Amino acid sequence: MGAVRAEELTLKSPADKKSYRLVTLANGLQALLVHDPEIDLAAAAALPAGLPPHAEEPSEEDVDSLLSGDEGEESGSEEDEEGSSGSEGEEEHEHVHRHHGRQAHGGGAAVKKAAAALSVGVGHFTDPWKLQGLSHYLEHMLFMGSEKYPDENDYDAFLTAHGGASNACTEEECTTFHFDVKPDALRPALDRFAQFFIAPLVKADALEREVQAVDNEFAGVLQSDACRSLQLRCHTSKEGHLFRKFGWGNRKSLVEDPAAAGLDVRAELLQYYKEQYSAERMNLVLLGGEPLDTLQQWVEELFSAVPGGRGPRPQYGSAGFPYEGGRLYLLPAVRDEHRLTASFQLPCMDGKYRKKADEYLGHLVGHEGTGSLLSALKARGWATELSAGVSDQSSVTWLFEVCITLTESGLQAGPGCCGLAAAGLLFEYLGMLRAAGPQRWAYDEQAAIAQMRFRFQEEEDASEFVSGLASDLFFYAPQDVLAGQYLFEDWDPALVTELLSGMTPDAVRLDLCTRQYDETKAALLAKGWPGAADGQEPWFGFPYVQAQLPEDLRRDWAEAKPSADIALPQRNNYLPTDFTLRCDQQAAQQAPAAAEQQADGGGAAPNGKQQAAADGGQQQANGGGAAAGAAAESGAFPSPPTLLLDEPGLRVWHKLDSSFRQPRAATYLRLSSAAGYASPRAAAASHLLIKLLEDALCETAYLAEVAGLYYGIWWEGGAGIDFKLHGFSHKLPALARFVFASLAGLAPQPDAFARVKEALLRNYRNVNMSPAKHATYQRLLALKNCFWHADAVLAELEGLQLVDVQAFLPTLLEGLCIETLLHGNMDAAEAAELARSVHAALGGAAVPADSRPAERCVQLSKGCRLLHRAPVKNPDEENSVVEAYLQCGADTVADRALLDMVEQLLYEPCFDTLRTKEQLGYSVHSGTRRTHGVLGLCIVVVSGAHGPAHLDARIEAFLAAYQKTLADMGEEEFEKQRQALLALKMMKDRTMLEESDRAWDKIGSRSYAFHALRDECTHLRLISLQQVRDFYDTYFAPSSPSRRKLSVHIVGRGHAAELAAEAPEGVQLVPEPQALPRDLPLWPAMLGDAHACN
């Protein structure tokens, strides 16, 4: 059975070198085939199997994410082990087999991964009411073996052995499965993958284990404000509506309730699979290096047997809107915050993606510039943040949400002390948009930006690329699927007007998630509003209040005239227009000189750091020119940046890109000043200064961000303050000068100071609300020689006044030393000029770079077994965490190679034993750590079912058992794993920014070890199995007299008795982790020589 239809797709980015073909099989399955000519199959075949997705060189541990106070997922990657400080969980259920780490850095053999994804057009909207969460449960069960490959670990084991990883997620109307793998293993991986959709076993003996995994996953979001708010919106939708379904699923919905009803859950799973998983509801995307004809042949051979005949995917447009309009809902926040969300139900706009009417409205309502809603809210002291846009797209409705983070004043403003004054201002803004009418110039500006992003599209992670396309095929016409998100081609002012007409007070749903729930509830109920009533959400178990917004209030909002400070945005002056590549300019300028030199019989090329700058950037200090640069990039590793300037108070690293050939640049700066972290008070003042600067930059920086130019500020404690600017290079210098001129002249007004300080205080109160982040925080508190406790900084922050911060800024700048990296589409002269201008703008302090204080790590005693216990910060938190840290010693190339080899060997069995087999918790990971130049290994387990004592004991048992596994390992297996690790470390950077980040890690740590990866690969080729065994026996085996172990136990509420329990025999309790840096010696500072690194 072959394809019945095939078409080539040609609408793609000019930067995209791949070719595409869409085929439809006779059973109805649609497959998008992607040939990537840069996937070198011959080189891939020469690489060994077993590339884990986690084995990068360890980077220095970061502080900023621990102080974010944000909810975030734990990460198994040593690159970003502290967890994300970004957004909270969303309404999708992610099933991770073989957890992803970040993409490997290193740049070597240009071998890229192959990948595939299949999206089925059913999700939890299709769940039967009697088995809510069934779609998510089935997603888990499909990994548990098939008739052709009955071993439930066969798929994961094959991918692991061939450098791959897999993942899946269940959403409302689709479920997507995807994997990546070494290119030469694509077909056998695809064969195993296809069996998910042909003949899965849904093994009876795997049901309990996987329902436990689903339940653990749900337990992990019980204290997430985002997930609780989302579930309240589900629970309070109209009776019987699809939105009321409990898509996560847990033990109650999938075991206890079905058992009480006499249901056979396995039979229900099989029946659901048979009825819903039909070929014509499936989109497959296949990415490989093979010709399109070969890929098509594979798809026909492997997927033609997928059963079909059930008809198109379900559509739910007839269900109607899920919510009653004009209502307010109140729920308690876990974190210290007040967040007001206004939701509007828009009609489904599938098929109208060329119009982008919703994005036009999201751009205007979510704007942060002068005249914006956020600017007006800030001016009144009511809010600190705002976001707007469609948050959820389904065939039922598109939900347009405006989310406002309120201040205390904002919470109290308006009737009922429910943040309703902010809602009133929202309706003033919407009224202004209606009165002004649709603005073609604003749409055209968005279209220009989208076209620019499309033209200079960057490479994506292979797995993300295919999974995104698989779901996009449900939304875009096939010929538009590669460009659909960038198409602004059908300006429709009537549609904009129609959408705006539905965004009214009578249609709005307001949700207020607040830490001051009891007080707000009392004030709301005292108003006597119609329909006011208490409720209890049944799955998460939190209380809430609902009420109808009074008719007179809704009328006032609808008739309100826009305030004078609300207006349409200004035109964007940050749109780039110059996309010239500096490497091409330099090559063209150097060509005549090179020809003349050759005619003259050769001559000495300019050399030296200062000469490169003096020559106006026409000669690269590391060898000169785009041609030389390109030659360097073709080797095993990309060339490092060059030390361009080393002047008092300013050290500048530079690299002109000639590899990625994009008109983009990255400018990273670290501002170091001893005054910035001299005391908890200084730390508080520094952090407050950063937040005040961000507030001052907001309106202008937002315009730059819209135009593809980004900045961020990271506070790294004693190391200093990091500024990272990146994006299209044309206007980057202008943004940089604006940022640092704003810092030098920072003069906040009292109202802005009060608003920003309140937000930062709330941030500090939320530190360590995540148990996993809390564990890492306590470990670093014990290891870092200078790390002020957040509580001490909070105490000082509370007392800071505007005059204190104004007096602190000159002190900070007087002792400033700047170190910077400029990489990308910027020549040496431009880099030097920009760096010097920033230095001058900040006062031109002449502090030598080598005088900066060095951060150091505590040296744990040989044979120590230290234990620190702490209760969870949130008293309702059920999850406990163990972070077991095993310290090795000072970072040397030889020891790093041995440590990475141990981690390579340990990673999969650690996850398989502790998570898959023992089901200790949903989150289990291991990884290397580098703390101020000191190497170590961490194993982390997060569990809602077990206490830390049991988790730690199981980690110890695993480490003891693995000692024997390592002793029994043969040379063949060891060599396979060694070659796997080598291959991963030589994978190519996907984007220029990845290369920038890797170089910056070496600069920020002051190791300047740009060749560390190359040197480690050399050592990896030489180490023996016996050396690895000896290393493991010394540093990780529980019986080792030389082992250094520090365990951090964060104790959930169900195991609080452990806090007072006696320590196990031989274990020393550490009541105050910050005492260790005072009581124990420190490792020497691990600093490199900046002048000897090239």
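Okay, so glutamate 551 sits in helix 18, which covers residues 551-559. This is a predicted model, by the way, so keep that in mind. Glutamate 551 is exposed, because its relative accessible area is 58% and the cut-off for exposed is over 50%. And it has company: Glu551, Asp552, Asp556 and Glu559 form a negative surface patch.

Now for a helix with another story, helix 10, residues 357-365. Eight of its nine residues are buried, so helix 10 is largely enclosed by the rest of the structure. If you want to click through them, the buried ones are Ala357, Asp358, Tyr360, Leu361, Gly362, His363, Leu364 and Val365. Yes, Asp358 and His363 are both in that buried list.

On to the backbone. Most residues other than glycine have a negative phi. With that in mind, have a look at the loop between helix 32 (992-1004) and helix 33 (1012-1020), where arginine 1006 is placed. Arginine 1006 isn't a glycine, yet its phi is positive, about 65°. Tyrosine 1008 lies in the loop between helix 32 and helix 33 too, and its phi is also positive, near 55°.

So are those two buried or exposed? Arginine 1006 is buried, at 11% relative accessible area, and tyrosine 1008 is buried as well, at 4%.

Last bit, cysteines. How many disulfides turn up in a search of the whole structure? Zero. As for individual cysteines, cysteine 786 counts as partly exposed at 24% relative accessibility, while cysteine 864 counts as buried at 13%; the line for buried is drawn at under 20%.

Technical notes:
Residues numbered from 1 in each chain as written. Predicted model: local features only at pLDDT ≥ 70, side-chain atom pairs only at ≥ 80, totals over all residues. Heavy atoms only, no water. Buried < 20%, exposed > 50% of the residue type's maximum accessible area, 1.4 Å probe, protein only. Helix = DSSP H or I, 4+ residues; strand = E, 2+ residues; numbered from the N terminus. Patch = residues over 30% accessible without salt bridge, like charges linked within 9 Å, V, L, I, M, F, W, Y side chains within 5 Å. Areas by Shrake-Rupley, 256 points an atom, 1.4 Å probe, with all protein chains shown as cover. Salt bridge = Lys/Arg side-chain N within 4 Å of Asp/Glu carboxyl O. Lys, Arg positive; Asp, Glu negative; His and termini not counted. Charge placed at Lys NZ, Arg CZ, Asp CG, Glu CD. Disulfide = S-S within 2.5 Å.
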